[in-house]
Amino acid sequence: MHDLININQVDDENYILEMALAGWKKSDVKVTVEDGVLSIAGKIKSDADNYIHKGVAQRAFVKRLQLSEYVECKGAKLEDGMLKVELFYNPPENKKAKEIKIK
């Protein structure tokens with residue numbers, strides 16, 4: 001369920017990673033970055049509800065993604081069942097692509 005993600009390139013430096021998390025609360029989701037690894041974890045507290053049928057599974061999960069060098073996480077928000085993680089590509093000047101003029 002939580003293996004599918006979208007990565008949207010906003011511009012040359014900004015990206016949005018999206019993961020569908022319908023039914024999850026902000027308090028049940030944790031986003032961390034450690035040693036260049038972005039981790040998204042979800043843990044549901046036990047339900048006190050007495051479901052007769054529960055077709056929507058909500059299992060604990062952890063999704064880890066190795067970030068490319070010079071990629072920073074700027075923030076995250078959970079809106080309308082979609083987690084959006086803002087990523088920023090910030091290489092040093094000498095690592096950025098340069099256009100070479102043709103003479």
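Which residues line the second largest pocket? In this predicted model, the lining is made up of Ile7, Tyr15, Leu17, Leu38, Leu65, Gln66, Leu67, Ser68, Val71 and Leu87. Strand 2 and strand 5 each supply at least two residues of that lining, and the pocket has a volume of about 180 Å³. From here, let's walk through the two sheets, the nonpolar core and two buried residues.

**The four-stranded sheet**

- One open sheet has four strands in the order 1-2-7-6, and their pairing is antiparallel.
- Strand 1 (6–9) and strand 6 (71–79) sit at the edges of this sheet, each pairing on one side only.
- From one strand to the next, the twist averages 20 degrees.
- Strand 1 and strand 2 form a hairpin, with four residues between them.
- Four bridges join these two antiparallel strands, strand 1 and strand 2; glutamine 9, for example, has tyrosine 15 in strand 2 as its bridge partner.
- On to the next pair: strand 2 and strand 7 run antiparallel and are joined by seven bridges.

**The three-stranded sheet**

- A second group of strands makes an open sheet of three, ordered 3-4-5 and paired in the antiparallel sense.
- Here the edge strands are strand 3 and strand 5, each of which pairs on one side only.
- Neighbouring strands of this sheet are turned by 15 degrees against each other on average, direction ignored.
- Six bridges hold the antiparallel pairing of strand 4 and strand 5, and alanine 41 has valine 62 as its bridge partner in strand 5.

**The nonpolar core**

- As background, nonpolar side chains tend to be buried together in soluble globular proteins.
- In this model, the largest nonpolar core has 14 residues, of which Leu17, Leu21, Val29, Ile40, Leu83 and Val85 touch the most other members.
- Strand 2, strand 4 (37–42), strand 5 (61–66) and strand 7 (82–89) are the elements that give two or more residues to this core.
- Strand 7 gives the most to the core, with three residues.
- Leucine 17 is a good residue to look at, and not counting residues up to four places away in sequence, leucine 17 touches Ile5, Asn6, Ile7, Leu38, Ile40, Leu65, Leu83, Lys84, Val85 and Leu87.
- Leu17 also belongs to the lining of the second largest pocket.

**Asparagine 14**

- Asparagine 14 lies in strand 2 (residues 14–20).
- Is asparagine 14 buried or exposed? Its relative accessibility is 18%, so asparagine 14 counts as buried, the cut-off being under 20%.
- Its bridge partner in strand 7 is phenylalanine 88.
- Leaving aside neighbours within four places in sequence, asparagine 14 is in contact with Asn8, Gln9, Lys74, Leu87 and Phe88.

**Aspartate 28**

- Where does aspartate 28 lie? Aspartate 28 is in the loop between strand 2 and strand 3 (29–34).
- Aspartate 28 is buried because its relative accessible area is 10%, and buried means under 20%.
- Not counting residues up to four places away in sequence, aspartate 28 touches Ala41, Gly42, Lys43, Ile44 and Lys45.
- Among these contacts is Ala41, the alanine whose bridge partner in strand 5 is valine 62.

Conventions. Residues numbered from 1 in each chain as written. Predicted model: local features only at pLDDT ≥ 70, side-chain atom pairs only at ≥ 80, totals over all residues. Heavy atoms only, no water. Buried < 20%, exposed > 50% of the residue type's maximum accessible area, 1.4 Å probe, protein only. Contact = heavy atoms within 4.5 Å. Core = buried A, V, L, I, M, F, W, Y, C linked by side-chain atoms within 4.5 Å. Pairing = 2+ DSSP bridges. Axes fitted to C-alpha atoms, helices over the stretch in contact; angles between N-to-C directions. 1 Å grid on protein atoms, 1.4 Å probe; cavity = no way out; pocket = protein on both sides within 12 Å on 5 of 7 lines; lining within 4 Å. Points joined across faces, edges and corners; volume = space filled by probe spheres on them.
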